[in-house]
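Here are some friendly notes to read alongside the model. Please keep the structure open and look up each residue as you go.

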Amino acid sequence: MYQNELEKLLSKLPLGDIKYLDSIGSTNDEALAWAANDAEDLSLVIADEQTAGRGRLDRKWFTPPGTALAFSLILRSTADEKPHLSRTVGWAALAVADSLRMRQLTPQIKWPNDVLLLGRKVSGILVESVWSGNEIDCVVIGIGVNVLKGAVPPIDHERQFPATSLEDELGYPPERAEILLDILSNMINMRPQMSSDEFLNRWNESLAFLGQEVQVELENEISVTGLILGLEPDGSLRLRDGHDKTLAVRFGDVRLRPSK
Ligand code: BT5
């Protein structure tokens with residue numbers, strides 16, 4: 001674990017408690033259990049390796065040791081933030097995208113939860129909630145970033161979309177700890193703006209396939225094909241289908257890809 005390096009850098013940020021782990025099944029599982037107990041706002045679980053990293057719908061997320069960022073941030077939202085929690089995934093995706101822009105890369109957000117570089121997935125985000133009755137008590141934001149080449153899953157690792165790493169795109173191996181610091185700083189700085197129109201505009205402008213035709217797979221193997229018009233205020237995706245009808249696709253079990 002690169003704990004010493006991380007401790008030094010992360011001490012600059014107003015985070016809650018931090019758990020550093022050499023290896024874990026999934027940082028989201030650890031953070032969900034911690035959040036259900038007594039974790040403070042902005043507590044962090046970070047692991048060098050995940051042996052059962054998860055994507056959505058129980059898909060697998062590949063995190064071999066020494067190569068990737070895999071962490072989960074616990075958000076104890078305030079009453080003011082609760083109405084905007086559906087924007088959480090955009091918050092994380094923009095923070096990752098901004099950290100890549102700081103390195104002269106050109107990221108795009110493949111709605112809802114992937115960050116792409118030149119059409120290849122470099123980062124995935126998994127937002128999960130801890131409920132208390134009918135209310136969301138807190139949110140866990142899991143982020144995986146392929147930093148070094150070795151983080152890119154082999155072709156046969158149920159890979160449905162091309163993948164890349166920062167090392168592949170930059171041409172040199174960047175420091176994991178510095179990228180983590182930038183992502184977390186971006187999240188902390190952007191947090192008060194999450195409800196603003198400007199935030200939504202920035203998220204919108206970062207969307208991959210904007211104005212292009214895509215196919216979105218919903219639950220039960222139903223899919224819709226349409227032109228991406230942009231985001232609804234709650235972060236849903238607005239599409240125009242072949243009959244000129246506008247529809248909004250909510251988060252959930254969707255898979256998006258260009259239709260041709
Ligand atoms: C995601 O799901 O992209 C969300 C991934 C979230 C991972 C973080 S790591 C920290 C935290 N702890 C966890 O256990 N999870 C979070 P989804 O959109 O369902 O994409 C999953 C798909 O991406 C898989 O089915 C593979 O096709 C592909 N994939 C797996 N590992 C990958 C990797 N390292 N890079 C690029 N693609 C990958």
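1. Let us begin with a term: a nonpolar core is a set of buried Ala, Val, Leu, Ile, Met, Phe, Trp, Tyr and Cys residues joined through side-chain atoms within 4.5 Å. Buried means under 20% relative accessible area, exposed means over 50%, and partly exposed lies in between, with a 1.4 Å probe and protein chains only. The largest nonpolar core here has 63 residues, and Leu10, Leu69, Ile143 and Ile183 have the most contacts inside it. A second, separate core has 10 residues, among them Ala31, Leu32, Ile74 and Val140.

2. A word on what you are looking at. This is a predicted model, in which local features need pLDDT of at least 70 and side-chain atom pairs count only at pLDDT 80 or more, while totals for chains, interfaces and linings use all residues. Residues are numbered from 1 along each chain as its sequence is written, and side-chain values use heavy atoms, with hydrogens and water left out.

3. Next, have a look at leucine 69. Contact means heavy atoms within 4.5 Å. Setting aside residues up to four places away in sequence, leucine 69 touches Tyr2, Ile46, Ile143, Gly144, Val145, Val147, Arg176, Ile179, Leu180 and Ile183. Ile143 and Ile183 also stand beside Leu69 in the list of core residues with the most contacts.

4. Helices (H or I, at least four residues) and strands (E, at least two) are DSSP runs, numbered from the N terminus. Which residues of helix α1 (residues 3-10) are buried? They are Leu6, Leu9 and Leu10. These residues lie on the same side of α1 because they cover an arc of only 90° around the axis; the arc is that of the directions from the helix axis to the C-beta atoms. The face turned away from that buried side carries the exposed residues Asn4 and Lys8. The packing partners of the buried residues of α1 are β1 (18-24), β2 (44-50) and α5 (176-190).

5. Aspartate 98 deserves a closer look. This residue belongs to helix α3 (residues 88-101), and aspartate 98 is buried, with a relative accessible area of 14%. What does the side chain of aspartate 98 make a polar contact with? The partner is the side chain of arginine 202, at 2.7 Å. A polar contact is a pair of N or O atoms within 3.5 Å; within protein, one must be able to donate a hydrogen and the other to accept it, and residues adjacent in sequence count only if both atoms are side-chain atoms. Leaving out neighbours within four places in sequence, aspartate 98 is in contact with Asn186, Met190 and Arg202.

6. Arg202 and Met190 turn up again in the lining of the second largest cavity, together with Gln193, Ser196, Glu198 and Phe199. On a 1 Å grid over the protein atoms alone, a cavity is a set of points where a 1.4 Å probe fits but cannot get out, and lining residues have an atom within 4 Å of a point. Grid points are joined across faces, edges and corners, and a volume is the space filled by probe spheres set on the points. How many cavities of 30 Å³ or more does the structure hold? There are 2, and about 30 Å³ of space lies in the second largest. Helix α6 (residues 197-205) supplies the largest share of that cavity's lining, 3 residues.

7. Threonine 164 sits in the loop between β7 (135-146) and α4 (166-170). At 3% relative accessibility, threonine 164 counts as buried. Outside the residues up to four places away in sequence, threonine 164 touches Leu117, Arg120, Lys121, Val122, Asn146, Val152 and Glu169.

8. Finally, some backbone details to check. Most residues other than glycine have a negative phi, and most peptide bonds are trans. Leucine 42 has a positive phi of about 60° although it is not a glycine, and the same description holds for aspartate 58, also with a positive phi of about 60°. Leucine 42 is buried, at 8% relative accessible area, whereas aspartate 58 is exposed, at 63%. The peptide bond from tryptophan 111 to proline 112 is cis, with omega near 0°. Proline 112 is placed in the loop between β4 and β5 (114-117).

Technical notes
On a 1 Å grid over the protein atoms alone, a cavity is a set of points where a 1.4 Å probe fits but cannot get out, and a pocket is an open set with protein on both sides within 12 Å along at least five of seven lines; lining residues have an atom within 4 Å of a point.
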